[in-house]
Amino acid sequence: MTEDFLQFIWKYGLFDRDGMITDTGETVQVLGMGEHNTDAGPDFLNARIKIGNTTWAGNVELHLRSSDWVNHRHHTDRAYDNVVLHVVYLRDHVVKRSSGEIVHTAALHLDDNLYENYSELLSRRDWLPCRDKILRVDPFLFDLWLNSLVVERLQQKADYISGLLDQYKNNWEEAFYVGLARSFGFGLNAAPFELMARSVPLLHLSRNRNDPFRVEAILMGQAGFLEEAKLFSGYYEALRTEYLYLRKKYGLKSIEKHLWKFLRLRPVNFPTVRIAQFASLLAGAEGLFSRVLECDEIGKLHRIFDVRASSFWDDHYTFEAASPVKVKNLGTEAFQIVVINAVVPFLFVYGQRTGGEEYKERALEWLNQLPPEQNRVVTRWSLAGIKPVSAFYSQGMLQMANSYCSRKRCLACSVGTSIITGKK
């Protein structure tokens, strides 16, 4: 038995409400379970409990044993003085408030099958503990749960975006530039891409927007790729010469080249190629976030991001060696990843902050219009018999896998609670 499980039982009222009696022999009637408190303090706030003939409004604390009240030092903590009922699995101690007054304590009687169902899920070593049961869960419930997970995932990204907006004094263009750069790192190089963007203000790039070569020189230099006084190609030397001039002019300091990852990446995803594409995008679009906001359909958005790296990269993936000719466009799959990881979250947060519901709706609609991502987590879901039909659903599945399944948070998952309680 765990304390988390007791909180789950109390939260959903999965106990014998007629059999609760305090350690002083008074009957307990639960009129309102209260609000689950995930911060410091009692477990449930603003509950309504009738003990004997008296109705109390206050907080509820749950423990495995009564003595845990003392073990957790609640008897000296005035934050627990307004606990009207102490709920336990086993009674082994009389507990008191900091004033010395006795706290009403009652044992919780529950169906042992519930804990057996929960224990079975916890014992599974599969990444999806409910793999053999999930297909029997009500599809409508599963769909509702995925919808809430998409919003939860967007809200987590909103916290990151809010941090950027705070740092850049609500400059949406600057914040979007940094967030967009991170998305161009496609996971493995997300951090160095963001560091590169933070190292050079958007203003410096905007001032050189009419000269794509200069924009690329600044970004390649800030990424640390132009530090070596070594002739790889005439293009490299030209970029380096231009960068050294601009670095001195703007007082820039580059990030370390060793931060970038190349190993196990497809050449088209090499950071050098992605930086060149990012430079092309910035050079070709003034007020990029404003242009994104003006897009009322995803086709228009696609035209903004339909960019290619400069011609040098047609037969190069790095500065060091030539390669077979292949124009380095930002492909459809890359565009979709950028939209999912940067455009949609920024659009959603913009709608939240401005009260523009149409932007939030557009963000969710674009997720529905995009195909599901192709990654290891989505593949695992497909092998379990659940295949997403759009990026909206694959985003929900990513959130469920990473924030619930892998951490065995079955008690906080609608699918898990359905299986534990037997309500399929």
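Is cysteine 405 buried or exposed? At 6% relative accessibility, cysteine 405 counts as buried. The legends below describe views of a predicted model.

**View 1. The whole chain combines 17 helices with 6 strands.** The C-alpha trace spans about 90 × 50 × 40 Å along its principal axes. The radius of gyration is 28 Å, whereas a compact globule of 424 residues would have one near 22 Å. Of the 424 residues, 51% count as buried. The chain exposes about 20,100 Å². Carbon and sulfur atoms supply 49% of that area. Among contacts with a separation of 6 or more, 59% join residues 24 or more positions apart.

**View 2. The largest nonpolar core holds 81 residues.** Seven members touch the most other members: Tyr177, Leu180, Leu219, Phe278, Leu301, Phe305 and Phe319. Helix α13 (residues 332-354) gives the largest share of this core, 13 residues. Another core lies apart from it and has 52 residues. Its members include Ile9, Val84, Ala106 and Ala401.

**View 3. Leucine 180 is one of the residues that touch the most other members of the largest core.** Which residues does leucine 180 touch, not counting residues up to four places away in sequence? They are Phe278, Leu281, Leu288, Phe305, Val338 and Ala342. Two of these partners, Phe278 and Phe305, are themselves listed with leucine 180 among the residues touching the most other members.

**View 4. Helix α17 (residues 414-421) is mostly covered.** How many of its 8 residues are buried? The count is 6. They are Val415, Gly416, Thr417, Ser418, Ile419 and Ile420. The cover over these buried residues includes α1 (3-11) and α3 (112-123). It also includes α4 (139-167) and α16 (391-405). Glycine 422 follows α17, and its phi is positive, near 80°.

**View 5. Cysteine 405 is in no disulfide.** The nearest cysteine sulfur belongs to cysteine 130 and is 6.0 Å away. A disulfide here requires sulfur atoms within 2.5 Å, so a pair at 6.0 Å does not qualify. By this rule the count comes to 0 disulfides. Cysteine 405 is nevertheless buried, at 6% relative accessibility. Cysteine 295 is buried too, with a relative accessible area of 4%. Both values fall under the 20% cut-off, so both cysteines count as buried.

Note on methods. Residues numbered from 1 in each chain as written. Predicted model: local features only at pLDDT ≥ 70, side-chain atom pairs only at ≥ 80, totals over all residues. Heavy atoms only, no water. Core = buried A, V, L, I, M, F, W, Y, C linked by side-chain atoms within 4.5 Å. Buried < 20%, exposed > 50% of the residue type's maximum accessible area, 1.4 Å probe, protein only. Helix = DSSP H or I, 4+ residues; strand = E, 2+ residues; numbered from the N terminus. Contact = heavy atoms within 4.5 Å. Rg over C-alpha atoms; globule rule 2.2 N^0.38 Å. Areas by Shrake-Rupley, 256 points an atom, 1.4 Å probe, with all protein chains shown as cover.
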